[in-house]
Amino acid sequence: MHEIVDGPKPKHAQLREILRRLAEQDLAPGSPIPSERDLAERYGVSRITVRAAVGQLVAEGLLTRAKGRGTFTAKRRYDLQLYLDSFTSAMQARGLEPSTEVISCGQAAPGSKASLGLDAGEYAYRVVRLRKADGAPLALEAGWYSPHVLPELDRCDLTGSIYEIIATRYGVQLDHARQTVWAETADAETAKALDVRKGSPLLVFRRVASSQGRPCEDVTSWYRGDLYQVTMQLDRTVPGSGPNSAKGGTR
């Protein structure tokens with residue numbers, strides 16, 4: 001067991017590094033760490049020292065506090081690379097079992113809410129789905145789909161990858177997407193679906209995908225902010241001038 005000693009390095013900094021090793025190497029994601037009292041007794045420091053060390057690791061995102069339950073190691077974050085891919089294949093690539101619950105599927109007139117190039121009053125397919133990995137809810141998505149490119153989409157089994165259906169049933173290859181990313185807090189309905197507290201942070205992605213210039217999909221996805229991070233490769237080029245200037249997103 002590591003010891004805390006008197007010296008030039010503050011005790012809270014020594015304890016912070018002990019807890020960092022515990023969280024990164026010894027405990028599984030989502031595991032509880034010892035209580036404030038237990039840590040103070042084990043390492044011979046004050047509870048104020050423990051509180052300072054734990055607080056710094058919470059601020060770094062390595063630990064999380066749950067009111068009335070204690071402090072836990074942060075759950076593993078999934079890295080979202082910015083490229084045009086399906087949720088299903090992305091989860092399978094990580095060794096996870098993807099699954100989908102179709103919340104609703106039908107026809108409606110999106111009006112100006114969707115960028116599908118439709119005439120006023122023309123209908124599109126509206127699909128709302130809950131995406132899961134190993135049974136845990138990770139993302140809620142609500143999409144509009146073109147009836148011209150994807151006729152009778154609402155008759156398909158949408159519990160798998162829509163991108164696979166688009167490719168295999170319709171022979172359509174999505175080749176371009178424009179995606180916008182922002183942060184939101186979960187409202188009551190979204191929080192319930194994702195099994196998080198109301199007000200929890202979310203990463204939101206809106207993607208408009210097309211094939212050979214024909215808009216096919218306009219979908220917004222709400223990802224759990226405690227489980228996702230976004231990685232982007234940045235090159236020093238003039239926007240719109242490089243070969244990778246129109247890359248897509250994270251579906």
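Visitor: Why is D38 called partly exposed?

Guide: This is a predicted model, and in it D38 has a relative accessible area of 38%. Buried means under 20%, exposed means over 50%, and partly exposed lies in between. The value of 38% therefore puts D38 in the partly exposed class.

Visitor: Where does D38 sit?

Guide: D38 lies in helix α2, residues 36–43. Its C-alpha is 9.7 Å from that of V50, twelve residues away in sequence. V50 belongs to helix α3, where it is one of the residues that meet α1.

Visitor: Why are α1 and α3 called oblique to each other?

Guide: Take the angle. The axes of α1 (residues 11–26) and α3 (residues 47–60) cross at roughly 50°. Under 35 degrees would count as roughly parallel, and 65 to 115 as roughly perpendicular. An angle of roughly 50° falls in neither range, nor is it over 145, so the pair is oblique.

Visitor: What else describes the crossing of α1 and α3?

Guide: The two axes come within 8 Å. The crossing of α1 past α3 is right-handed.

Visitor: Which residues make the contact between α1 and α3?

Guide: From α1 come K11, H12, L15, R16, L19 and R20. From α3 come T49, V50, A52, A53, V54, Q56, L57 and E60. By class, the contact has seven nonpolar, three polar and four charged residues.

Visitor: Now the sheet. What is the strand order of the six-stranded open sheet?

Guide: The order is β4-β5-β6-β9-β8-β7, with antiparallel pairing.

Visitor: What makes β4 and β7 edge strands?

Guide: Each pairs on one side only. β4 covers 98–108 and β7 covers 176–185. From one strand to the next, the twist averages 15°.

Visitor: How do you know that β7 and β8 pair?

Guide: Count the bridges. Two strands pair if there are at least two bridges between them. Ten bridges join β7 to β8 (residues 201–211), so the criterion is met. The two strands run antiparallel. One of the β7 residues, H176, has S210 in β8 as its bridge partner.

Visitor: What holds such strands together in general?

Guide: Strands of a sheet pair through backbone hydrogen bonds, either parallel or antiparallel.

Visitor: How many helices and strands does the protein have?

Guide: There are six helices and ten strands. Of the 251 residues, 41% count as buried. Among contacts with a separation of 6 or more, 62% join residues 24 or more positions apart.

Technical notes:
Residues numbered from 1 in each chain as written. Predicted model: local features only at pLDDT ≥ 70, side-chain atom pairs only at ≥ 80, totals over all residues. Heavy atoms only, no water. Helix = DSSP H or I, 4+ residues; strand = E, 2+ residues; numbered from the N terminus. Axes fitted to C-alpha atoms, helices over the stretch in contact; angles between N-to-C directions. Left-handed = near helix turned anticlockwise from the far one by under 90°. Contact = heavy atoms within 4.5 Å. Nonpolar A, V, L, I, M, F, W, Y, C, P; charged D, E, K, R; others polar. Buried < 20%, exposed > 50% of the residue type's maximum accessible area, 1.4 Å probe, protein only.
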